Amino acid sequence: MGNFIDRNTDDMRAFVKSVKEYVGNMTMLMRTAQGLLSSYEADLDNNCKECIAKFKDCCTTFLKQIDSYNELAKLMERKAAAQDAAKNIRF
């Protein structure tokens with residue numbers, strides 16, 4: 001049968017690391033793009049300002065959605081720690 005990620009704490013931690021890296025990179029890119037657009041917004045016409053407002057709304061939605069991956073990573077990190085603790089119980 002296949003190897004399930006929730007049975008191997010090393011795989012879980014590797015997944016958590018990749019999720020945190022992805023979330024961090026995407027958050028930085030979105031915040032940078034929002035900041036750059038905001039700095040030029042005053043010099044642009046109304047059509048561009050409307051597009052920037054739509055883009056900011058999309059960024060906000062995306063950041064909310066990507067946060068769910070971060071929450072999943074936190075849960076997996078806790079599960080990996082709990083499994084390791086259970087493995088280390090000595091009777």
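Buried residues, those under 20% relative accessible area with a 1.4 Å probe and protein chains only, make up 18% of the 91 residues in the chain. The model is predicted: local features need pLDDT of at least 70 and side-chain atom pairs count only at pLDDT 80 or more, while totals for chains, interfaces and linings use all residues. Residues are numbered from 1 along each chain as its sequence is written, and side-chain values use heavy atoms, with hydrogens and water left out.

The chain contains two helices and zero strands (DSSP runs of H or I with at least four residues, and of E with at least two, numbered from the N terminus). Its radius of gyration, taken over C-alpha atoms, is 20 Å, well over the 12 Å of the globule rule (2.2 Å times the number of residues to the power 0.38), so the chain is more spread out than a compact globule. The C-alpha trace spans about 70 × 25 × 15 Å along its principal axes.

Of the contacts (heavy atoms within 4.5 Å) between residues at least 6 apart in sequence, 71% join residues at least 24 apart. Gln34, in helix 1, counts as buried because its relative accessibility is 12%. Beyond neighbours within four places in sequence, Gln34 is in contact with Phe55, Lys56, Cys59 and Thr60.

The accessible surface of the chain, from the Shrake-Rupley method with a 1.4 Å probe, comes to about 6,900 Å². Carbon and sulfur atoms account for 59% of that surface. Tyr40, which lies in helix 1 (residues 9-41), forms with Leu36 and Leu44 a nonpolar surface patch with about 290 Å² of accessible area together. Such a patch joins nonpolar side chains within 5 Å, from residues with over 30% relative accessible area and no salt bridge (a side-chain nitrogen of Lys or Arg within 4 Å of a carboxyl oxygen of Asp or Glu).

Conventions
Patches are made of residues with over 30% relative accessible area and no salt bridge: like charges are joined within 9 Å, nonpolar side chains (Val, Leu, Ile, Met, Phe, Trp, Tyr) within 5 Å. Buried means under 20% relative accessible area, exposed over 50%, partly exposed in between (1.4 Å probe, protein chains only).
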